[in-house]
Amino acid sequence: MKTQGYIKLISSADTHKESVIEFNIIPNEKTPWHYHTLFAETFEVLQGTLEVGLNNRVHQLKAGDRVTIKPNEKHYFHNVSTENCLIQVTVSPGNKNFENALLISKGLAKDGLASAAGTPKKLADLALFVYLNNSKMVSLQKIAAPLFNYLAKRAIKKGRLKELELKYCS
């Protein structure tokens, strides 16, 4: 099984109509409820198990299972097991910023700059991740959206995004 920080870009929006990325989700790694406006996501579990919340339902996926999340559908994922989970996510249409968000996030995790749950430790890095992957916050998290937008734009202006892209996306 691959370790924390493992990620492989299989197909890029640079050359294909879809982004296809394989990555590892360690035990207790999760995302909050969110949605995307620019693309659909299909999660396919390659190894292990993964909990995926979609709208008002919770799906327990195992190897070979897949679920597609359409634009604007609220969702989350969470590895609730004690084993690593290897997934392949397909984003349609492909999105280079989404690819970079995952490459940066997994790179930060590999370098110890993210929590055990996969969250970047620096608030500016988290804001950049949310900005790049077109994550839209839901419920009470929406209150933080203006702050995250401000922090992301500030980090871009200060060169932090370029620094992370050079380190993790080249």
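Three exercises on a predicted model follow, each with a worked solution.

Residues are numbered from 1 along each chain as its sequence is written, and side-chain values use heavy atoms, with hydrogens and water left out. In this predicted model, local features need pLDDT of at least 70 and side-chain atom pairs count only at pLDDT 80 or more, while totals for chains, interfaces and linings use all residues.

**Exercise 1. The sheet**

Task: give the strand order of the open sheet and find its edges.

Solution:
- Take helices (H or I, at least four residues) and strands (E, at least two) as DSSP runs, numbered from the N terminus.
- Two strands pair if DSSP finds at least two bridges between them.
- Five strands then line up as E1-E2-E9-E4-E7, with antiparallel pairing.
- E1 (7-11) and E7 (66-69) each have a single partner strand, so they are the edges, and one side of each lacks a neighbour in the sheet.
- From one strand to the next, the twist averages 20°. Axes are lines fitted to C-alpha atoms, for helices over the stretch in contact; angles run from 0 to 180 degrees between N-to-C directions.
- Check one pair: four bridges join E1 to E2 (residues 19-25) in the antiparallel sense. Leu 9 faces Ile 21 of E2.

**Exercise 2. Helix H1**

Task: place H1 (residues 96-110), test its length and decide how enclosed H1 is.

Solution:
- H1 lies across E1, E2, E4 (40-47) and E9 (85-92), at about 20° to E2.
- The expected span is 1.5 Å times one less than the number of residues. For the 15 residues of H1 that is 21 Å, and the end C-alpha atoms are 21 Å apart, which agrees.
- Buried means under 20% relative accessible area, exposed over 50%, partly exposed in between (1.4 Å probe, protein chains only).
- In H1, 12 of the 15 residues are buried, so the rest of the structure largely encloses the helix. Among them are Phe 98, Leu 102 and Ile 104.
- The buried residues pack against E1, E2, E4, E9, H2 and H4 (160-168). Contact here means heavy atoms within 4.5 Å.
- At the helix start, a side-chain oxygen of Asn 95 comes within 3.1 Å of the backbone nitrogen of Asn 97.
- Just after H1, Gly 112 has a positive phi of about 75°.

**Exercise 3. Ser 135**

Task: is Ser 135 buried or exposed, and which residues does Ser 135 contact?

Solution:
- Ser 135 sits in the loop between H2 (123-132) and E10 (136-137).
- Its relative accessibility is 14%, so Ser 135 counts as buried.
- Beyond neighbours within four places in sequence, the contacts are His 34, Tyr 35, His 36 and Val 130.
- The side chains of Ser 135 and Asn 133 make a polar contact of 2.4 Å. A polar contact is a pair of N or O atoms within 3.5 Å; within protein, one must be able to donate a hydrogen and the other to accept it, and residues adjacent in sequence count only if both atoms are side-chain atoms.
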